[in-house]
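This report looks at one protein model, beginning with its overall build and moving on to a few selected details. Please keep the sequence and the structure in view while reading.

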Amino acid sequence: MKNTALEHRCANAGTISNPVTVTLDDQRSYTVSDVPCTSSEICVVPETSHIDVVGLLNVGALVVKGSVSISTTATLCAGYISIEDSGTFTVRVPSSNDQVYVYVKDNGLEKFGTKRFLRGSGSSLISIEGSTLARTWSLLSETALSGSNTIKLMHDPIAMGWQIGDRVVIAPMLPRSSGDADACSILNIANNQLTLDCTLNHDRVFTSYFEEDSQAMGLLSAEVIHLTRNVVITGDDQTLENCIGRTDVNPGVTTCTYGLHTMSTGVGSFKLSYTRVEKCGQRGILGKYCAHLHLMQNCPTCLIRGNAFEHGHQRAVVVHGP
């Protein structure tokens, strides 16, 4: 879902050539207005320094060896965000009234031989947590006909934490995996029924049975998936680019799709919960997924839960190795 105001603030205005690196002062806490980095510079947060992001922070790229935190309405824009060594990157926004955007720009800046990423390495700690939902999906509880703009759910939308204005997707139910899903916004909620701002493009038939003799039960119903989150990792639109000659390209691939990707590797921790990740994945390139835990060894605090992924390529969530 496009956010024109956000794109106006953050969207790529062109490739940055020969970027200047600005390292913040040691042992200092910064607010956004104190940060001396521009939208064309690589901003480095040293080990003993901290940025509390409130409002808008727009830099060329961000390297975090100290700490960065977001706890209220804010927008962070960067070509890449690299959390290194023992750096920490914390987004914890429990109130659904607050909205956070982490916007990964397509400005040409690269590190580790890649671009457009949020990445942890070493013993870094990444924790990104949006407002909790009791449930992120439900099922239809009765048939919904083509052309209708109302659906009835098995679960109470209010109890699940769904609100008017939120977006949902109703899965298709045509034979042999054909048909298109419907993506709609909620106009009204009453008695488990959603009134939507769109009409269904085909019937969603609800059927169930119970065989008393065998005690067998069966259910056929369309999934309804909640997509709205108050923490959103987004960025510039995906691009198709010539990737001949890259060493990390799948065999035979000549054109790759570039979106943003998030990952962590090393001996740190990666938590991603109740967050929306969109325009993500890099098709044709090895290891660039919407969310990727790569060789994190024993990581009891690692967690991926309750997220929404949309407009993604390659895979949504990948865990590689012990």
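The text below describes the overall build, then the disulfides, and finally two residues with an unusual backbone angle.

**Overall build**

The model shown here is a predicted one, and its secondary structure consists of two helices and 34 strands. Computed along the principal axes in the sense of a computed span, the C-alpha trace extends over about 70 × 45 × 40 Å. How does the radius of gyration of the protein agree with that of a compact globule? For 322 residues, a compact globule would have a radius of gyration near 20 Å, and the value for this protein is 22 Å, which agrees.

Of the 322 residues, 49% are buried. The contacts can be described by how far apart in sequence the two partners are: among contacts with a separation of 6 or more, 61% are between residues 24 or more positions apart. On the outside, the protein exposes about 14,800 Å², and carbon and sulfur atoms supply 50% of this area. The protein carries 24 positive and 30 negative charges, and the mean positions of these two groups are 4 Å apart.

**Disulfides**

How many disulfides does a search of the whole structure find? The search finds six, and when the bonded cysteines are counted along the chain, the pairing follows the pattern 1-4, 2-3, 5-6, 7-8, 9-10, 11-12. The table lists some of these links.

| Disulfide | S to S distance |
|---|---|
| Cys243 and Cys256 | 2.1 Å |
| Cys280 and Cys290 | 2.1 Å |
| Cys299 and Cys302 | 1.9 Å |

The link of Cys243 and Cys256 is right-handed, with 75° about the S-S bond. Cys243 is located in the loop between strand 25 (239–242) and strand 26 (255–258), whereas Cys256 belongs to strand 26, so this disulfide ties together parts that are 13 residues apart in sequence. Both Cys243 and Cys256 are buried.

The link of Cys280 and Cys290 is likewise described by 75° about the S-S bond and is right-handed. Because Cys280 lies in strand 29 (residues 276–280) and Cys290 in the loop between strand 30 (282–283) and strand 31 (291–294), the pair ties together parts that are 10 residues apart in sequence. Cys280 and Cys290 are both buried.

For Cys299 and Cys302, the torsion about the S-S bond is about 80°, so this disulfide is right-handed. Are these two cysteines buried or exposed? A residue counts as buried when its relative accessible area is under 20%; Cys299 has a relative accessibility of 14% and therefore counts as buried, and Cys302, at 18%, counts as buried too.

**Two residues with positive phi**

Asn191 is not a glycine, and yet its phi is positive, at about 55°. This residue is found in the loop between strand 19 (182–190) and strand 20 (193–196). Since the cut-off for an exposed residue is over 50%, Asn191 is exposed, because its relative accessible area is 70%.

Gln297 also is a residue other than glycine with a positive phi, in this case near 60°. Its place is in the loop between strand 31 and strand 32 (303–305). With a relative accessible area of 52%, Gln297 is exposed.

How values were computed: Residues numbered from 1 in each chain as written. Predicted model: local features only at pLDDT ≥ 70, side-chain atom pairs only at ≥ 80, totals over all residues. Heavy atoms only, no water. Helix = DSSP H or I, 4+ residues; strand = E, 2+ residues; numbered from the N terminus. Rg over C-alpha atoms; globule rule 2.2 N^0.38 Å. Buried < 20%, exposed > 50% of the residue type's maximum accessible area, 1.4 Å probe, protein only. Contact = heavy atoms within 4.5 Å. Areas by Shrake-Rupley, 256 points an atom, 1.4 Å probe, with all protein chains shown as cover. Lys, Arg positive; Asp, Glu negative; His and termini not counted. Charge placed at Lys NZ, Arg CZ, Asp CG, Glu CD. Disulfide = S-S within 2.5 Å.
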